[in-house]
Amino acid sequence: MTALCPSCQKSCEAGAVCASCGALLPLEPGASHFQVLGLPERYDLGDDRLEARFKELHKLVHPDRHAQRAPDQRRLALQWTTALNDAHRVLKHPLARAVYLLRIRGIDLEKPGVQAARMPVEFLEEVMDQREALGLAKARGDLETVRQLAGQSRERAEFELGKLREHFEQFELTGQREELHRAAASATVLKYLQRFEEEVEAAEMDALELE
Amino acid sequence: MTVRIPVGIDLGTTHSLIARTAGGVPACARVEGPSSLLPSVVHYGQAGAPVVGKAAKELAAEHPADTIVSVKRFMGRSLGDLDDKARAAYRLEPESAVPRFLAGGKSVTAVEVSAEILRALKSQAEREWGGAIAQAVITVPAYFDDAQRQATKDAGRLAGLEVLRIINEPTAAALAYGLDKKINGRFAVYDLGGGTFDLSVLALEDGLFRVLSTRGDTALGGDDFDRALLKLALEKMLGRAPDFDRDVGPQLRRFLYAARAAKEALTDSPNTQIELAGSAVNLERAELEQLPEVRGLVDRTLRIAKMALRDAGLSPSDLDGVVLVGGMTRMPLVRSAVGALFGKPPLADLNPDEVVALGAAIQADLLAGASPREDVLLLDVNPLSLGLETMGGVVEKLIPRNSTIPTTAAQVFTTFKDGQAAMDIHVVQGERELAADNRSLARFRLSGIPPVAAGMARVEVTFAIDADGILRVSAKEQSTGIAQAVEARPSHGLSEGEIDRMLMEAIDHADKDVEDRLLREAKVRAQQDIDETRKRIADHGFLLPEAERQLLELAVLNLEAALPESDLATLQMHQQMLTGLSNPFAERLMTYELERAVKGHQASEFVDSARSPVGATAAVQQKVQS
């Protein structure tokens, strides 16, 4: 895809910087996190590739690189950098990336009511039990049990993450939306587990403060 | 034609520094005699401009309420945030949400006090470098919250500086190390200063300095070690646990200075003496290191370090090195504990006091474009999560901690009552689940929401953190487009109007203030020199040949005669003459004392006879090993 560079009026590849004059190009409105990073819209990005693109682009667009440029270029630098950091923050995180990818594929897990509908009852019961155990351990100041619960939760999350990855892979291979819905169910389970892990962390912090 | 110099400033709890780069090499200005460390102390007298630095520190013991020390602990804090210890140390205006010190008949905020320190640094550096300073990068502890960063930026503006950027101290230190020592890989920066502790994990590769995680405690620092040491000394002296109110009272600040000096002496020597209220106590390094308080403080830094590593997804052995920053990292116990945790000796080749200012100077140079370097780029993170209070007081995090900045995040909230016309938005910072347990940054109300059924109105709240780590929040009702934006200026900060007013006043008085201050500082120092020299002559004049003694006495008289003059140059000339003459005397005295000590005199007797003249500084002498 080519476009006209607003700075030098020459045609150049779409991207962050004009190849002819080195000026920053405007950020396409509504660009997805994948587009900002110049990556394909798929679940498995390869960690190295994401990190490499993140670093390459920062060296091109960061405001410190454009501190002496005209105000409109400085504004673009800030826009690009912010978009880049936001995209990286979402895409580097396995769960956040899944939720985002599902959203741009038409399944919004943030919508009220969507999450609960996808939860198997056995899992909800399991979560309730775990939370109760955590509550007790917290009240007793029993850090050992808290850490044990955290370990169990992490193991469970690893397992679910494997399933999530598989469903996305299958979808990307076959284009069957049923796979996306399965991925959404896994993502919902992972959201609960993440919430639990955050609580465990808060409990550990509390214990640390008390020590 | 004046040269314009971009500078880096380390505005520290106990002392502050200013640096610039010349020919690509950063260096600190001498701001306090030959030293690059300006004590972060400001004294407000009844008349004239405030006194800053060593001269102010000397006045601190006698005028504790009029002399503000460790002002950094008050930055961005409300009256309610302060503990009793901090409150008891000063006269504070009772009705003001922003703490206001009543000092020297004035009422000043922490921002204004910090601005005095910045002005003093600026004028001293301009004098040394012979150029005008207008742009600065100022450092803050990585773990400073939004309000503390904003307050620091305000202080810079108030001091007449264009603040190019607020950067984190450990990041600045890494920049100085990375460029100077050409280190590459993953590093931890262990930064233990006078009042704060941070641990940051960074990845340094091909000129990209990227913070992976940071953790810290803005109320853990050298001051806490001083207090522990003082407690130990008093306990040994009194033979019982000391009661600070009864046994110390108004002497506290003097005693704490003595404790700090003793702590520093114990860095190089296994034992030392501390003198408190006329009696001396022996202290051993081992005793200090075994104190439960001291162990507790060091352990806490290690726990924070482990948490930062966990945030970065690394274990200690994954790191290529650990860099020490802050004067407290000279303490042998700290070094060995850090070395043990990371399994490798820490790096301390750059002066731990100066390294932050040097790094800030490099960043200032990069931003001001005097010598653009294409090969260096700094990517920092926000240290604490930012979120909103939702139903039931629970926090919804919008931007998690350790997100690379600048960054934005948005979230849609719906109304929970039919016809709800307004929504209260409460912005909080921190990791806790309940809003009440986190730091409250701002509250505002979005009104004019259309009267629809519960859950139908959709309000999008957007957070944007800029490169200084400072937050802006905006809210927008999606169907009507009603929008509201606020800079998260906390209630305990200063309003734009207040800053502008202070700025105008400061500009009006700037030139006169600088002159006034320099003169006042010079006078205070001259009086100290006079008193000290007289005392020395009285005690040990017999060590001097008659002619030398007479010359010295003459120099004292000359300086004393110059004191009432309001001419700085004359005063400085006489002071230099006195210093020149008293240096050989000091050497003689030192030799004499060393000989006496080696001959087996009691250490306490020796300290007693050399007690400092006015008692403004408690004497700490190192015992000589025989």
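**Notes on chain B: strands, a sheet and two cores**

1. A good place to start is strand β14 of chain B (residues 185-192): six of its eight residues are buried, so the strand is largely enclosed by the rest of the structure. Please keep in mind that this is a predicted model.

2. What does β14(B) pair with? One partner is strand β15 (residues 197-205) of chain B, joined to β14(B) antiparallel through eight bridges. The two strands make a hairpin with four residues between them, and within this pairing B:Arg186 sits opposite B:Ala203 of β15(B). Strand β19 (residues 321-325) of chain B also pairs with β14(B), this time in the parallel sense and over five bridges. Here B:Asp191 faces B:Val325 of β19(B).

3. Further along the chain, you will find an open sheet of four strands in chain B, ordered β22-β21-β24-β25, with antiparallel pairing. Its edges are β22 (395-399) and β25; each has a single partner strand, so one side of each is left without a neighbour in the sheet. From one strand to the next, the twist averages 30 degrees.

4. Looking at one pairing in that sheet, strand β21 (residues 386-389) of chain B runs antiparallel to β22(B), with four bridges between them. B:Leu386 has B:Ile399 of β22(B) as its bridge partner.

5. The loop between β24 (422-429) and β25 (439-447) of chain B deserves a look too, as it holds B:Asn438. Is this residue, B:Asn438, buried or exposed? With a relative accessible area of 11%, B:Asn438 falls under the 20% cut-off, so it counts as buried. Its side chain reaches the backbone oxygen of B:Arg432 at 2.8 Å. Leaving aside neighbours within four places in sequence, the contacts of B:Asn438 include B:Val395, B:Val428 and B:Gly430.

6. Now to the nonpolar interior. The largest nonpolar core has 54 residues, and those with the most contacts inside it are B:Ile9, B:Ile18, B:Phe101 and B:Leu118. Helix α3 (residues 110-129) of chain B gives the largest share of this core, 10 residues. Another core, of 49 residues, lies apart from it, and has B:Phe255, B:Leu256, B:Leu288 and B:Leu314 among its members.

7. Finally, which residues does B:Phe101 touch, leaving aside its neighbours within four places in sequence? Among them are B:Ile68, B:Val71, B:Phe74, B:Tyr90 and B:Leu92, along with B:Val108, B:Ala110 and B:Val113. Polar or charged residues are in contact with B:Phe101 as well, including B:Arg91, B:Lys106, B:Ser107 and B:Thr109.

Methods. Residues are numbered from 1 along each chain as its sequence is written. Chains are lettered from A and ligands numbered from 1 in the order in which they are written. This is a predicted model: local features need pLDDT of at least 70, side-chain atom pairs count only at pLDDT 80 or more; totals for chains, interfaces and linings use all residues. Side-chain values use heavy atoms; hydrogens and water are left out. Buried means under 20% relative accessible area, exposed over 50%, partly exposed in between (1.4 Å probe, protein chains only). A polar contact is a pair of N or O atoms within 3.5 Å; within protein, one must be able to donate a hydrogen and the other to accept it, and residues adjacent in sequence count only if both atoms are side-chain atoms. Contact means heavy atoms within 4.5 Å. Two strands pair if DSSP finds at least two bridges between them. Axes are lines fitted to C-alpha atoms, for helices over the stretch in contact, and angles run from 0 to 180 degrees between N-to-C directions. A nonpolar core is a set of buried Ala, Val, Leu, Ile, Met, Phe, Trp, Tyr and Cys residues joined through side-chain atoms within 4.5 Å.
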